Amino acid sequence: MGSYDWLDDDAFCATFVRGLTPREALARLGIDVFDGDDEEGDFEEGLICARSAEGGTILSESNGFAGTLPEVLRPLSAGTVTASVFVNVNRVASFDHYADGRNILTFDPLFGGDEDGIPEDYLADRIELGLAGDESEGGLAAALLLAERITEVRPNASSDVVAAHGVLEY
């Protein structure tokens, strides 16, 4: 997935947050925030790594799903926008977009064909990226591009490095 080599290929959740630093994004979740990757190996589940990116922060979880939870996305998107791409080892996937605490868009990026009720502007992007229609083939790479478009957050050279992390019990 090119710019996302730090994501686990089999199971991950990547949450894009516009306009917040890594520490600010994690602080909104009400968890203790640690700098860099200190203590990172000490946690088996719930670890959320925050990475600096152009335009904001990308939160990443290996085999996690916190970025799909409304109780996480509502406070994280307050006054801004978020988009999360999730997949697990069973190929269950979701794309979740929140703006100012409200769910705007949710769909499965691996299986198209459910475009009813989706705002036209997002539908046009989904069609262009191959994420809509019965013959959709965009997949996770296209979902990550859609998250970049919606949030205006893109990985940069510093995204390879964990700037901060925290553990969320869910």
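**Exercise 1. State which residue stands opposite Asp96 in E7, and place the pair within the sheet.**

Solution. Asp96 has Thr106 of E7 as its opposite residue. The model examined here is predicted. Asp96 and Thr106 belong to a pairing in which strand E6 (residues 93-99) and E7 run antiparallel and are joined by five bridges. The next step is to consider the whole sheet: eight strands form an open sheet in the order E2-E8-E3-E4-E1-E5-E6-E7, with antiparallel pairing. Strands E2 (33-35) and E7 (102-107) each have a single partner strand and stand at the edges, so one side of each lacks a neighbour in the sheet. From one strand to the next, the twist averages 20°.

**Exercise 2. Determine which strands helix H4 touches, and check its length against the expected span.**

Solution. Helix H4 (residues 139-151) packs on the sheet and touches strand E1 (12-18), strand E5 (81-87), E6 and E7. The direction of H4 makes about 170° with that of E5. For the length, 13 residues at 1.5 Å a residue should span 18 Å, because the expected span is 1.5 Å times one less than the number of residues. The end C-alpha atoms of H4 are 18 Å apart, which agrees.

The last step concerns burial, for which the cut-off is under 20% relative accessible area. By this criterion 10 of the 13 residues of H4 are buried, among them Leu140, Leu144, Leu146 and Ile150. Glu148 is also included in the buried set. After H4 comes Glu152, with a positive phi near 60°.

**Exercise 3. Decide whether strand E3 is largely enclosed or left open, and identify its partners.**

Solution. Six of the seven residues of E3 (residues 47-53) are buried, so the strand is largely enclosed by the rest of the structure. One partner is strand E8 (residues 164-167), which pairs with E3 in the antiparallel sense over four bridges; here Ala50 stands opposite Ala164. Another partner is strand E4 (residues 56-62), antiparallel to E3 and joined to it by five bridges. In that pairing, Cys49 faces Ser60 as its opposite residue. The hairpin of E3 and E4 has two residues between the strands, and Gly55 takes a positive phi near 90° in it.

**Exercise 4. Describe the chain as a whole: how many helices and strands does it have, and what pattern do they follow?**

Solution. The chain contains four helices and eight strands, which follow the pattern β-α-β-β-β-α-β-β-β-α-α-β along the sequence. Of its 170 residues, 51% count as buried. The accessible surface comes to about 8100 Å², with 45% belonging to carbon and sulfur atoms.

Note on methods: Residues numbered from 1 in each chain as written. Predicted model: local features only at pLDDT ≥ 70, side-chain atom pairs only at ≥ 80, totals over all residues. Heavy atoms only, no water. Pairing = 2+ DSSP bridges. Axes fitted to C-alpha atoms, helices over the stretch in contact; angles between N-to-C directions. Contact = heavy atoms within 4.5 Å. Buried < 20%, exposed > 50% of the residue type's maximum accessible area, 1.4 Å probe, protein only. Areas by Shrake-Rupley, 256 points an atom, 1.4 Å probe, with all protein chains shown as cover.
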